[in-house]
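Trainee: Could we go through this model together, one question at a time? I would like to see how each answer is reached.

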Amino acid sequence: MLRKGLATELKWFLLFFVAVLFIGASAGYWREAAILALGLYLAWTLRSLSRLERWVNQARTGNVQDNELFGMWGEIAEDVKLLMQRYEKDKLRLQAVVSRVQDMTSALNDGVILADSRANIEWWNQAATEMLGLRQIDFGHRITNIVRDPRFQSYFDAGEYAEPLEIESYRNEGQQLLFQIHPYGQGERLIVVRDITRVAKLEQMRRDFVANVSHELRTPLTVVRGYVETLLDMPDQSPMLRRALEQMQQQGMRMTSLVNDLIMLTKLETDDRSAQQDQVQLHQLVGLIFNDGRAMSSENTQFINEVPQDITLQGNEKELRSAFSNLVINAVKYAGAGGGKDCTIRVFTEQQSGQFLLHVQDNGIGIDPKHIPRLTERFYRIDGGRSSSAGGTGLGLAIVKHVLLRHDGQLKIESKPGKGSTFSCCFPSNRVTRTLASI
Ligand code: ADP
């Protein structure tokens with residue numbers, strides 16, 4: 001169906017054409033009359049077109065007036081007017097949304113910065129100004145030129161944002177900042193900066209408290225254990241007293257290992273990285289740990305040391321010994337719990353895409369997959385009773401995790417219930433050297 005404007009246009013054109021043709025024909029000039037009618041219509045159309053163009057130009061500058069165009073041209077002008085009004089409305093709505101989002105983020109205590117795909121700063125809120133000292137001239141500059149801490153630069157460039165980054169503020173002494181980056185859109189990044197000074201202080205207080213309590217407990221524990229041992233050595237005790245003393249000795253030993261583990265863990269958490277770095281002979285180290293393991297295990301436990309003789313790992317020997325020892329002792333404790341079968345504890349190494357792996361494998365009771373993600377949490381135990389009776393403190397794997405973190409490494413755990421477990425310590429390859437080139 002024809003639209004109203006076009007129908008009016010056609011109606012008037014036909015009326016005009018027929019009228020001119022009729023007058024022309026009655027004077028005997030119908031051909032000339034038809035040409036004249038068409039010429040006049042063309043002139044009128046061109047005039048309407050130019051008026052429409054003028055009107056659109058005027059409207060574009062924001063001055064939308066009622067149009068005085070006729071027929072189809074008037075209708076086109078009305079459509080344009082409608083579209084422009086709709087566009088204006090959408091623009092205003094979007095502007096309102098943007099300014100609401102800006103108001104909201106300005107009200108946040110956390111700093112928010114938007115960086116484009118080339119890492120140039122596009123926008124930031126008031127809190128970011130206060131935390132990072134951003135100024136108007138920083139607009140469009142690379143974020144890494146503003147936050148110049150090398151740890152932030154490598155964190156930003158690495159593109160691995162699963163974990164946040166904690167650094168000390170370069171502007172306000174003592175202020176701890178937490179950076180979390182969220183990629184979005186076409187390579188753009190949203191950077192959230194949080195002031196975590198209070199949480200960091202509380203965390204420090206917690207660490208100090210645990211360290212102090214553990215240190216303070218050491219002396220009284222040593223005294224109590226000493227007396228219990230002396231009493232146990234005394235002759236002619238009643239069986240009941242003897243049993244009580246033996247239990248006291250056992251629990252005293254447990255408390256000592258707990259205190260020692262807590263002290264170790266606090267030390268690992270407190271210093272960022274150990275200053276002492278040795279070239280650790282891995283084969284020998286595993287051999288020494290196996291000797292300790294043999295003393296604790298039954299005769300049917302087999303220890304297999306497949307670590308090549310010539311491998312050295314750069315790191316802190318004391319810490320590495322503690323970590324590997326925890327893994328081997330766990331293997332002894334939980335492999336023996338398998339029930340009757342021969343236990344095998346095997347330590348072997350592997351080189352895998354830029355990483356060096358040291359695996360501690362056992363064929364013991366294994367671990368249900370649902371527990372694996374939580375095993376390195378402090379005091380997390382699958383079977384509290386079994387762990388305590390095996391002399392566990394629940395801190396062993398937490399220590400392993402921290403030692404590996406301090407050596408740029410991580411712990412991976414693979415296990416199948418009833419089949420056994422493999423605990424793998426992954427280190428960057430550049431920490432490892434071999435004297436015989438056969439790796
Ligand atoms: P614990 O001192 O209790 O052994 P850990 O932190 O060393 O504490 O280990 C946490 C838990 O992980 C243990 O309670 C145990 O249930 C489980 N676990 C650790 N190593 C093994 C292993 N080799 N086989 C089976 N379970 C293990």
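Mentor: Here are some questions and answers on overall form, strands, salt bridges and surface. This is a predicted model, where local features need pLDDT of at least 70, side-chain atom pairs count only at pLDDT 80 or more, and totals for chains, interfaces and linings use all residues. Residues are numbered from 1 along each chain as its sequence is written, and side-chain values use heavy atoms, with hydrogens and water left out.

Trainee: What is the radius of gyration of the protein chain, and is it compact or spread out?

Mentor: The chain has twelve helices and 13 strands (DSSP runs numbered from the N terminus, helices being H or I of at least four residues and strands E of at least two). For 439 residues the globule rule (2.2 Å times the number of residues to the power 0.38, with the radius taken over C-alpha atoms) gives 22 Å. The C-alpha trace spans about 150 × 50 × 50 Å along its principal axes. The chain is more spread out than a compact globule, because its radius of gyration is well over that rule, at 41 Å.

Trainee: How far apart are the C-alpha centres of domain 2 and domain 3?

Mentor: The bounds, from an automatic or database domain assignment, give domain 1 (4-95), domain 2 (109-195), domain 3 (199-270) and domain 4 (278-431). Between the C-alpha centres of domain 2 and domain 3 the distance is 46 Å.

Trainee: Which residue in E10 stands opposite Val347?

Mentor: Strands pair if DSSP finds at least two bridges between them. Strand E9 (residues 343-352) pairs with strand E7 (residues 301-305) in the parallel sense over five bridges, and with strand E10 (residues 355-362) in the antiparallel sense over eight bridges. In E10, the residue opposite Val347 is Val360.

Trainee: Which residue has a positive phi in the turn of the E1 and E2 hairpin?

Mentor: Strand E1 (residues 111-115) pairs with strand E2 (residues 121-124) in the antiparallel sense over three bridges, and Ile113 stands opposite Trp124. Five residues lie between E1 and E2, and the one in the turn with a positive phi, about 70 degrees, is Ala119.

Trainee: Why does the pair of Arg378 and Glu269 tie together separate parts, and how many residues apart are they in sequence?

Mentor: Arg378 and Glu269 form a salt bridge (a side-chain nitrogen of Lys or Arg within 4 Å of a carboxyl oxygen of Asp or Glu), with the closest N and O atoms 2.2 Å apart. Arg378 lies in the loop between E10 and helix H11 (384-389) and Glu269 in helix H8 (residues 239-270), so the parts tied together are apart in sequence by 109 residues.

Trainee: Is Glu269 buried or exposed?

Mentor: Buried means under 20% relative accessible area, exposed over 50%, and partly exposed in between (1.4 Å probe, protein chains only). Its partner Arg378, at 32%, counts as partly exposed. At 15% relative accessibility, Glu269 counts as buried.

Trainee: How far apart are the N and O atoms in the salt bridge of Arg346 and Glu306?

Mentor: Arg346 lies in strand E9 and Glu306 in the loop between E7 and strand E8 (311-315), so this pair ties together parts 40 residues apart in sequence. Arg346 is partly exposed at 24%, as is Glu306 at 39%. From N to O, their salt bridge spans 3.0 Å.
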